[in-house]
Amino acid sequence: MEGDLGWWAVPLAVLGGAIRVSTPILFVSLGETLTERSGRINLGLEGTLVFGAMAGYATAVMTGNPWAGVLVAALAGAVFGLVHGLICSMAKVNDIAIGIAMMLLGTGLAFYFGKPFIQPAAPDLPSIPFGWWSDVPQVQAALNVNVLFLAGIAAALVLHWGLRATKPGLILRVVGDSTDAARAMGLRPAVIRTMATALGGAFAGVGGAYLSLFYPGSWNEGISSGQGLMAVALVIFARWQPLNCFWAALLFGGAGALGPALQSVGVTQGYYLFYAAPYVLTLGVLIATSSPNRALAGAPGELSITK
Amino acid sequence: MTEFPAFPRRLAAPATLSRRNLLRGAAALGGVAALSALPGAARAQSGLTVGFIYVGPRDDFGYNQSHAAGAAAVKAMEGVTVVEEENVPETQDVQKSMESMINLDGATLIFPTSFGYFDPHILALAPKYTDVRFQHCGGLWAADKHPANVGSYFGYIGMGQYLNGIAAGHASVTKKIGFVAAKPIPQVLLNINSFLLGARSVDPAITCQVIFTGEWSLAVKEAEATNALVDAGCDVITCHVDGPKVVVETAAGRGAFVCGYHADQTALAPEKYLTGAEWNWAKVYTDMVTATMAGEAIPNFVRGGLAEGFIKMSPLGPAVPEAGRAQFEAVKAEIEKGGFSVIKGPLKDNQGNVVAADGEAFLETDPVLEGMGYLVEGVIGSTS
């Protein structure tokens, strides 16, 4: 069926893995970037991701339309974000604690409502065969790019531009950097943060729909295995920059594909070490870019972890 | 990705009670009967209460589903109450679950079905609750080391993987088959080796590529591993992970054939599914419960294979050629007759060491196989 590529299989698998695995991480980290740039942390996105995966899958099963699934996942994610945002708008509420509670709630609800949808099969999201020019099946498979991946790139670009050059972006940044300054400008920080959290939740919901409707492409309770949490942590790694989120997500996806790819070409010793590669890489970059003299570069001023 | 802890489904309250050992005193006073007087703790005391504990969700198209199907058969029996708990991690949590089933539900027969529940969790509780029978799946019970109220049962599913291998050997064109494995423990290694040896009984040139994911259930990594195997030219894929759904769907989506594991996955890939090695716990569990209710003792060490009805094969798929069907059925009949050895000499491992000398053969019942630590020649992969 398919020829032997030898060692070329490794970079190809890393590329393919980067494209396949990165999308949910990208969406969650973009959503979290939005939320954190407004001065709030939503640790609950892992739960939103899992619930989005379930809601998207369930909708696709019932309607037969995967895009309806994506829409419902986004709406469900927005509702989770809205709840988080509203609770955190109350006085003396800790956003980290609420985030953990929302994470448990999201996964718990997803497991509860998801029971009847583990067995049925849902239609997959379409993908675009960018590998049409090659007659190597491995290349074709690696370049089979899902539409949501492209949407993720577009979203990263739009957010990058929007945060830098538009009025809503400026408002978001002001609220995130100084509540007092925002109030002085006549802005309502709590409302803006709640909206940013809801939008961030919607992003995470779409990421979940990608998991269940494209890759790996089925709903089960282990579908996320902590990707939402990793993505939230990646936001710090990406220094709250949407474009960096994209590169970080690609890096994580590609590094995650390294372990299986190396085993498939016969490098079989020490696969546990290869599986740790993404995390070692993150640690390395964070240590290399840290400084004892200044706070985290790019961190929004109102963020409770950096204040 | 790091594994995110799953949450036990049962309400936290009973577990908390047992955690604090609030009921220990009550249980000591009047045994389990005293508990029935407590509000909310009353259960049918006349019959037998049986507990089942699963490491994952009950409907995972795999390992846990196969056990839950067995529990459902027990539930249908007269005079039996079944309590179940899913998503219980192989940690202190399982001890809480077991204590809660014993103290609050009055369970006297418990099936903790995951490999990692045995040591130290079951071994810690068994001496404390000598009236309760702990039946562990796949454990390594030994009379001189372990309590008498602990039992071990398992099936020779490696034979099923050997039959999978025969179907795979007939369907493969590239002469390369793939195996997505969770962890290099003896049962998994025996399955990998059996799968390859089955395929090699069709064509000795076939090799098997194995990829370990490191965990029993990691959907994205399993999908990546499957893609990597197909990229490496494998055209038949099987697996040993808790829920084969992702592997089966991904492999079929890439155009490869699949052999199932744990449960019947025909519905996931009707065209590409060759056959599968399935558990048949319904028979095992109803037999054990019947024996317990009749007052008979369950042996501490129970094993069985195709002949005993512990395992079964999925129906052959449309892609298995006629010659494959004939060989499959013939070998299956031979295994059921008894005396069939998959691991037999001359056989080397993939490091070149002799694991079975010429003329040496290990029957499926041989306990040596339950300590397997090697991959045979022809398997591309490593146990560490």
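This dialogue walks through chain B, its two sheets, its contact with chain A, and one helix of chain A.

Visitor: What should I know about the model and its numbering before I begin?

Guide: This is a predicted model, in which local features need pLDDT of at least 70, side-chain atom pairs count only at pLDDT 80 or more, and totals for chains, interfaces and linings use all residues. Residues are numbered from 1 along each chain as its sequence is written, while chains are lettered from A and ligands numbered from 1 in the order in which they are written.

Visitor: How many helices and strands are there in chain B?

Guide: Helices (H or I, at least four residues) and strands (E, at least two) are DSSP runs, numbered from the N terminus. Chain B has 11 helices and 17 strands. UniProt, in an unreviewed entry, lists residues 49-314 of chain B as "domain: ABC transporter substrate-binding protein PnrA-like"; its positions are given in the numbering used here, feature names are shortened, and annotations may be inferred rather than shown by experiment. Over residues 49-314 the chain is 36% helix and 24% strand, with the end C-alpha atoms 32 Å apart.

Visitor: What share of the residues in chain B is buried?

Guide: A residue is buried if 20 or more other C-beta atoms lie within 10 Å of its own, exposed if 12 or fewer, and partly exposed in between, with C-beta atoms placed from the backbone. Of the 384 residues in chain B, 56% are buried.

Visitor: Which strands stand at the edges of the six-stranded sheet of chain B?

Guide: Two strands pair if DSSP finds at least two bridges between them. In chain B, an open sheet of six strands with parallel pairing has the order β2-β1-β3-β4-β5-β11. Its edges are β2 (80-85) and β11 (301-304) of chain B, each with a single partner strand, so one side of each is left without a neighbour in the sheet. Axes are lines fitted to C-alpha atoms, for helices over the stretch in contact, and angles run from 0 to 180 degrees between N-to-C directions; with direction ignored, neighbouring strands of this sheet are turned by 20° against each other on average. Strand β1 (residues 48-53) of chain B runs parallel to β2(B) and is joined to it by six bridges, and I53(B) has E85(B) as its bridge partner in β2(B).

Visitor: What is the order of the seven-stranded sheet of chain B?

Guide: This open sheet has the order β12-β10-β9-β8-β6-β7-β17 (chain B), with mixed pairing. The edge strands β12 (311-313) and β17 (379-380) of chain B each pair on one side only. Two residues are in contact if their C-beta atoms, placed from the backbone, lie within 7 Å. Helix α8 (residues 219-231) of chain B packs on the sheet, touching β6 (176-181), β7 (207-212) and β8 of chain B, and its direction makes about 165° with that of β6(B).

Visitor: How does β10 of chain B pair, in the parallel or the antiparallel sense?

Guide: With β9(B), β10(B) pairs in the parallel sense over four bridges, where Y261(B) stands opposite A277(B). With β12(B), β10(B) pairs in the antiparallel sense over three bridges, and there W279(B) has I311(B) as its bridge partner. Seven of the seven residues of β10(B) (residues 273-279) are buried, so this strand is largely enclosed by the rest of the structure; β9(B) is likewise mostly covered, with six of its six residues buried.

Visitor: Which element gives the most to the side of chain B that touches chain A?

Guide: Across the two chains, 41 residues of chain B are in contact with 43 residues of chain A. On the chain B side, β7, α8 and α9 (245-253) each supply at least two residues, and α8(B) gives the most, with nine residues.

Visitor: Where does helix α11 of chain A bend?

Guide: The bend at a residue is the angle between axes fitted to the seven residues ending there and the seven starting there. In α11(A) the bend is about 35° at L258(A), and a proline, P260(A), follows within four residues. Of the 23 residues of α11(A), 20 are buried, so the helix is largely enclosed by the rest of the structure. Just after α11(A), G266(A) takes a positive phi of about 105°.
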